[in-house]
Amino acid sequence: MALPINIEELVNAKTIESSRIEFKKGWNPYNILRTVCAFSNDIDEIGGGYIIVGIEENDGQPILPPFGLEQKTLDTIQQEFFKLCQNDIKESVFPQIEITEFQGKWIIVIWVTTGDERPYSASNSPGKSSQKVVYVRHGSVTKEASRQQNKQLQELANINYYDSRINQKASISDLDLSTIQSYLQETGASLFEESTKIPFPELCVKMGIAKGPLENIKPINAGLLLFGKEPDKFFPGCKTNLVVFKDEDGSEIDYSLEFKGPVQLQIREILNFFKSNIIKKQTTKIAFEAEADTYDNYPFQALEEVIVNSLYHRSFEDPEPNQIRIFNVGERRRIEVSSFPGPLAPIDQDTLLQERVPPKNRNIKLGDSLKYLKLTEKFGSGIPTIRKAMRQNGSLEPQFITDKDKTHFMAVLNIHPDWIDEPQNTLDETAKGSLSNKEQLILEKLTNGISIKDLKKLLKKEISNSEINQIVFKLKEEKYISEKKISLFFGLYSVTIYNITPKGENMLKGSF
């Protein structure tokens, strides 16, 4: 039986956290059974895990090439494993397994998902004297559950994640085979080869996107969100409305777009829009220095993480579509991305101000699929990744906002503080070789060196911010002004100072 995951990437923990992978050198049935029990209990709510039999480990890292299993033992191991899962775990669990040849050796990969009937307990040894023990896993350690952890598992038993629930209003025909096959092919899953040879309902069950008795298999919500023909038919919130404004306050719309369809396709269409229409790069020469400073108006990595997280962490029970608002004009040019509702407890506005925000997951199955597609980072790394990308680009700190009732979550990315828009053909210009009144006024203010922020303050009554950006860009291109980046507070941040050049001084004298 093939699994819907790339085995090589799994072994090397490229798409799944290493804490969710357990390596076993050989077949040790009751030791493995304890890990199956712990992954099924999933006390940390991370989505279960994988047990790889036939690969030895050292400090959690695989020792390659594999130690391997003898081919003649594989069928016996498989039969014994399923018998143990049925008889020696309460309640019974039914993990999926793949027997495969990896780097010239036979291994067994066991996929254990979060159980629906927690808490689970497993026999601690063979024979009549064995006892059923509840096992949990913290990090990469499997151990017997404490009394407090037993109580926690009983509370978790009442939680049925929305993306894991069967959708009774849908049928298998609402899932799209071509989207499923594209996913399997892109992730390099061995199940892709089988996808054209087995019945469609069986394929959906193997992928974990459908459940139920053979005569009435139904898709789960994650299946519809990822592979549905029309996801918004079942989830009105599975859409993204994008609006570009002509003004700073959001009262004048330039244009708007709507993105819908499977979540991963939506993400990619939105990111392609930003790549083609919004994200730009600018190179600034630093006066008196050989190097130049290159930065983006908005760093793509930060924007990508914001877009992915807005769909990954929202609730699809909420009918409100995601909102992206782009403000291209004014002093506070920015991108706002809102999803609904707000973050899960205990995360609140105070928590969002912290450097690292504790992970809390609404959509475990959806999240795993996005990881396999390399659309999201490993669990809990989203906000730190956004902060890091903004800092590396020299941008202002991102803002993460929710309200007291946590009805929404908003991420705000401000444009790079030194960004200067390319000039439009709307400036009050005279013929080439002379200065307009506004250009002359700006050159006069730059005789002693000034930042563009201070320049805007000085001229706020005479020239609009957008015009100042355009004029400074033009004056710099014509080499009438130069710029120099100055580090402040021991390099913690910097400011760009603009100065008039000798060429600019000559031009200014000729304008009187």
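This passage walks through the sheets, backbone features, pocket and cavities of a predicted model.

Residue numbers start from 1 along each chain as its sequence is written. In this predicted model, local features need pLDDT of at least 70 and side-chain atom pairs count only at pLDDT 80 or more, while totals for chains, interfaces and linings use all residues, and side-chain values rest on heavy atoms, with hydrogens and water left out.

A good place to start is the sheets. Helices (H or I, at least four residues) and strands (E, at least two) are DSSP runs, numbered from the N terminus, and two strands pair if DSSP finds at least two bridges between them. As background, strands of a sheet pair through backbone hydrogen bonds, either parallel or antiparallel. One open sheet has four strands in the order S1-S2-S7-S6, with mixed pairing. Its edge strands, each pairing on one side only, are strand S1 (21-24) and S6. On average, neighbouring strands of this sheet are turned by 20° against each other, direction ignored; axes here are lines fitted to C-alpha atoms, for helices over the stretch in contact, and angles run from 0 to 180 degrees between N-to-C directions. S1 and strand S2 (residues 49-53) run parallel and are joined by four bridges, with Lys24 opposite Val53 in S2. Helix H2 (residues 29-41) packs on this sheet and touches S1, S2 and S7, where contact means heavy atoms within 4.5 Å. The direction of H2 makes about 165° with that of S2. In the loop between H2 and S2 sits Asp42, which has a positive phi of about 45° although it is not a glycine.

A further open sheet, also built from four strands, follows the order S5-S8-S9-S10 with antiparallel pairing. Strand S5 (89-90) and strand S10 (141-144) are the edge strands, each pairing on one side only. Three bridges link strand S8 (residues 121-123) to strand S9 (residues 132-138) in the antiparallel sense, and Ser121 stands opposite Val134 in S9. The antiparallel pairing of S9 with S10 runs over four bridges; here Tyr135 has Glu144 in S10 as its bridge partner. S9 and S10 form a hairpin with two residues between them, and Gly139 in the turn has a positive phi of about 65°. Lying across S9 and S10 is helix H4 (residues 147-156), which runs at about 85° to S9.

The backbone also deserves a look for its less common geometry: most residues other than glycine have a negative phi, and most peptide bonds are trans. A cis peptide bond joins Leu64 and Pro65, with omega of about 0°, and Pro65 is placed in the loop between strand S4 (61-62) and helix H3 (74-87). The bond from Arg118 to Pro119 is likewise cis, with omega near 0°; Pro119 lies in the loop between S7 and S8.

His408 gives an example of contacts between distant parts of the sequence. His408 is found in the loop between strand S19 (399-402) and strand S20 (409-414). Phe340 is 68 residues from His408 in sequence, yet their C-alpha atoms are 4.6 Å apart in space. Neighbours within four places in sequence aside, the contacts of His408 include Ser339, Phe340, Pro341, Gly342 and Pro343, as well as Ile401, Thr402 and Asp403. Its side chain also makes a polar contact with that of Thr407 (3.4 Å); such a contact is a pair of N or O atoms within 3.5 Å, where within protein one must be able to donate a hydrogen and the other to accept it, and residues adjacent in sequence count only if both atoms are side-chain atoms.

Finally, the empty space. On a 1 Å grid over the protein atoms alone, a cavity is a set of points where a 1.4 Å probe fits but cannot get out, and a pocket is an open set with protein on both sides within 12 Å along at least five of seven lines; lining residues have an atom within 4 Å of a point. Grid points are joined across faces, edges and corners, and a volume is the space filled by probe spheres set on the points. The largest pocket has a volume of about 1,200 Å³. Of its 50 lining residues, Phe94, Thr113, Gly208, Lys211 and Lys365 are the closest to its centre. H13 gives the largest share of this lining, five residues. The structure also holds two cavities of 30 Å³ or more. The second largest is lined by Ile5, Asn6, Glu9, Thr15, Thr187 and Tyr372.
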